[in-house]
Amino acid sequence: MSTTSTEWKAVDRDVSRIEPQIEIDGSQGEGGGQSLRTALALSVITQRPLAVRNIRAKRPKPGLMRQHLACVHAAQAISDAQVSPVAVGATELHFAPRALRAGEYEFPISGAGSSMLVLQTVLPALLLAHGESVVRLSGGTHNPMAPNYHFVERAFAPLVARLGARVDMELRRFGFYPAGGGEVQVHIVPAVGALQPFDLLARGDLQHVVAEAVCAAVPKAVATRELDELARLTGWDRSAMQQLPARQHEGPGNILLATLYYTHVTELFSCLGAHGVSSETVARNLCQQMRDYQKKPEAAVGAHLADQLVLLLALAVWQSGKRAAFSCSEVTEHLRSNMDVIQQFLPLRISIETASAPVVHIALA
């Protein structure tokens, strides 16, 4: 890990005074890594010391895995934090940030740990820095159980732009599980002044769709069959579907992507290929994800995007004092866990209105 940076204090107050420590029980809510990542981001932003216990208590292998350890080290790098000794398997963490630093960073993850989860940890804080940042990540770019590069670029980054900031992303090399080795560069440009919250209560009309498949060190016939089946199931124009280029040493790996561009939001659905799983099954699994979202037309965002949007809007509400709301297809444990952690750090009230599609309201407490 290497850094060059410009120091900036995260909030306009005297950070030299002692702040009460925030304590997070990692066994609560979803019981995985989401609470840890959100807590690290908010600790850096608010300069509040953090203690986490029972890290990932509900997972088959509790404690920090390599990618979670990378998140801790990344948060430490951008904030000059003091961190208790931690290693893979650790179930407790003490984290005390000193000052948020905008600058250039490199965050490598050995193996195929998700580089996008590391980005998810540092991005919220760097959006509030007084200066632009460049973050270079290496590791997994398209992982199971984690947002992939294309989801972050196409679905998440446009929402950052609506806040008044900007995230420009470049995929330099695919990194599929379990080989890893992917490379991503991210240019983060904070907003001029405070982040500006917004309401996102409707997705609007479907403007167009894009279907793509990637095969790296995997026979291209796999992608052809996936796209053929996707066209059959959806009725989409097969001639408009494409295989994204990937060099053979970027795998082995395969993923099928469907991007749905609505008036007010973009959603991306994906399914990774796996040994012993037919191309047709991959396409059917992807279609099921889309149908679950499309059968709730009142919802603006899907479950995965909701997890990430709630933190963005919470920061904007906290900075601006204005309210925000969004509708989502379902309320997951990840979303509830994020809400709980956010309200421990920030003076906000986050509530869920039960309607045809759940609506999350965010306001100053």
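Axes here are lines fitted to C-alpha atoms, for helices over the stretch in contact, and angles run from 0 to 180 degrees between N-to-C directions. Everything in these views comes from a predicted model.

**View 1. Helices H1 and H7 cross at roughly 20°.** The axes of these two helices come within 12 Å. Since angles under 35 degrees count as roughly parallel, H1 is therefore described as roughly parallel to H7. The crossing itself is right-handed. On the H1 side, look for Thr38, Leu42, Ile45 and Thr46; from H7 come Leu311, Leu315 and Trp318. Sorted by class, this contact has five nonpolar and two polar residues, and no charged ones.

**View 2. Helix H5 packs on helix H6 at about 40°.** H5 covers residues 220–234 and H6 covers residues 279–294, and their axes sit 8 Å apart. That angle makes H5 oblique to H6. H5 passes H6 in a right-handed crossing. H5 brings Val222, Arg225, Glu226, Glu229, Leu230, Leu233 and Thr234 to the contact. H6 answers with Ser279, Glu280, Val282, Ala283, Arg284, Leu286, Cys287, Met290 and Arg291. Tally up the contact residues by class and you get eight nonpolar, two polar and six charged.

**View 3. The second largest pocket holds about 350 Å³ of space.** Its lining has 20 residues, and those closest to the pocket centre are Gly253, Asn254, Gly273, Ala274 and His275. Both helices from the previous view turn up again here: H5, H6 and strand E13 (253–262) are the elements that give two or more residues to this lining. H5 gives the most, with three residues. As for chemistry, the pocket lining splits into 11 nonpolar, seven polar and two charged residues.

**View 4. The largest cavity has a volume of about 120 Å³.** Searching the whole structure turns up three cavities of 30 Å³ or more, and this view zooms in on the largest. Of its 13 lining residues, Gln34, Gln120, Pro124, Gln308 and Leu311 lie nearest the centre. If Leu311 looks familiar, that's because it also belongs to the H1–H7 contact, where "contact" means heavy atoms within 4.5 Å. Helix H1 (34–46), helix H3 (115–126) and helix H7 (303–320) each put at least two residues into the lining. By class, the lining of the largest cavity comes out as six nonpolar, five polar and two charged residues.

**View 5. The second largest cavity encloses about 50 Å³.** Lining it are Met116, Leu119, Gln120, Leu123, Pro147, Val152, Phe156 and Gln308. Gln120 and Gln308 are also among the residues nearest the centre of the largest cavity. H3 and helix H4 (149–162) each supply at least two of the lining residues of the second largest cavity. H3 gives the most, with four residues. There are no charged residues in this lining, just six nonpolar and two polar ones.

Notes. Residues numbered from 1 in each chain as written. Predicted model: local features only at pLDDT ≥ 70, side-chain atom pairs only at ≥ 80, totals over all residues. Heavy atoms only, no water. Parallel < 35°, antiparallel > 145°, perpendicular 65-115°, else oblique. Left-handed = near helix turned anticlockwise from the far one by under 90°. Nonpolar A, V, L, I, M, F, W, Y, C, P; charged D, E, K, R; others polar. 1 Å grid on protein atoms, 1.4 Å probe; cavity = no way out; pocket = protein on both sides within 12 Å on 5 of 7 lines; lining within 4 Å. Points joined across faces, edges and corners; volume = space filled by probe spheres on them.
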